[in-house]
Each structure stands twice: as C-alpha cells, then as structure tokens.
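Open the model in the viewer and keep the sequence panel visible. The stops below are given as selections, each followed by what is found there.

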Amino acid sequence: MLAWILENISTIIICALLLVIVLSVVAGLIRNRKKAKSSCGCGCSGCPMSELCNDTKHNRKQ
C-alpha cells in the first residue's frame, strides 16, 4: 500500500489541490446565493430575468 502511495504521490497531490479549488468555488457560490448577490456581476435593474434571479429580494418587498 505504501509503495502504491509513493508511486502516485504527484497524482494524489494534484487531485487534492483540484478538490480544494472546486470546494472553494462552490462555497463562494453558496455564500453569494445566500447574500442574494447576482452571479453575472451586473445590476438587476436592466435584466429581463431579474424576477427569477434573486427571488428572495422580491419576496421581502411583498
């Protein structure tokens, strides 16, 4: 088992780094969604999909 780990250590390290990157991106998306930030980076005033994008903002107004 130890020999297999030593033979594949570079692959294991790269996979671990990719996993950390993917998890941090997903965590950032979840954090932005909870804060009701838009994913496109622009304001919702001129967006035709603004009613669907951040429906939590619109529900608070009602």
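Select alanine 36, just after H2: in this predicted model, the residue takes a positive phi of about 60°.

Now step back along the chain and select residues 9-34, which make up helix H2. H2 has 26 residues, and the distance from its first C-alpha to its last is 37 Å. At 1.5 Å a residue, 38 Å would be expected, so the helix comes close to that value.

Next, show the side chains of Met1, Trp4, Ile9, Ile12, Ile13 and Leu17 as a surface. Together they form a nonpolar patch with about 650 Å² of accessible area. H2 supplies the largest share of this patch, 4 residues.

Stay with the patch and pick methionine 1, which lies in the segment before helix H1 (2-7). Is methionine 1 buried or exposed? Its relative accessibility is 76%, and because the cut-off for exposed is over 50%, methionine 1 counts as exposed.

Zoom out to the whole protein. It holds 4 helices and 0 strands, in the order α-α-α-α from the N terminus on. Of its 62 residues, 8% count as buried. The accessible surface comes to about 5600 Å², and carbon and sulfur atoms account for 67% of that area.

Finally, colour by pLDDT. The average over the protein is 80, with 71% of the residues scoring at least 70. Among the elements, H1 has the highest mean pLDDT, 95, while helix H4 (residues 55-61) has the lowest, 49. Select residues 58-62 to end the tour: the pLDDT there is below 50, and the stretch has 2 contacts in the model beyond near neighbours in sequence.

Conventions:
Residues numbered from 1 in each chain as written. Heavy atoms only, no water. Helix = DSSP H or I, 4+ residues; strand = E, 2+ residues; numbered from the N terminus. Patch = residues over 30% accessible without salt bridge, like charges linked within 9 Å, V, L, I, M, F, W, Y side chains within 5 Å. Areas by Shrake-Rupley, 256 points an atom, 1.4 Å probe, with all protein chains shown as cover. Salt bridge = Lys/Arg side-chain N within 4 Å of Asp/Glu carboxyl O. Buried < 20%, exposed > 50% of the residue type's maximum accessible area, 1.4 Å probe, protein only. pLDDT = per-residue confidence, 0-100. Contact = heavy atoms within 4.5 Å.
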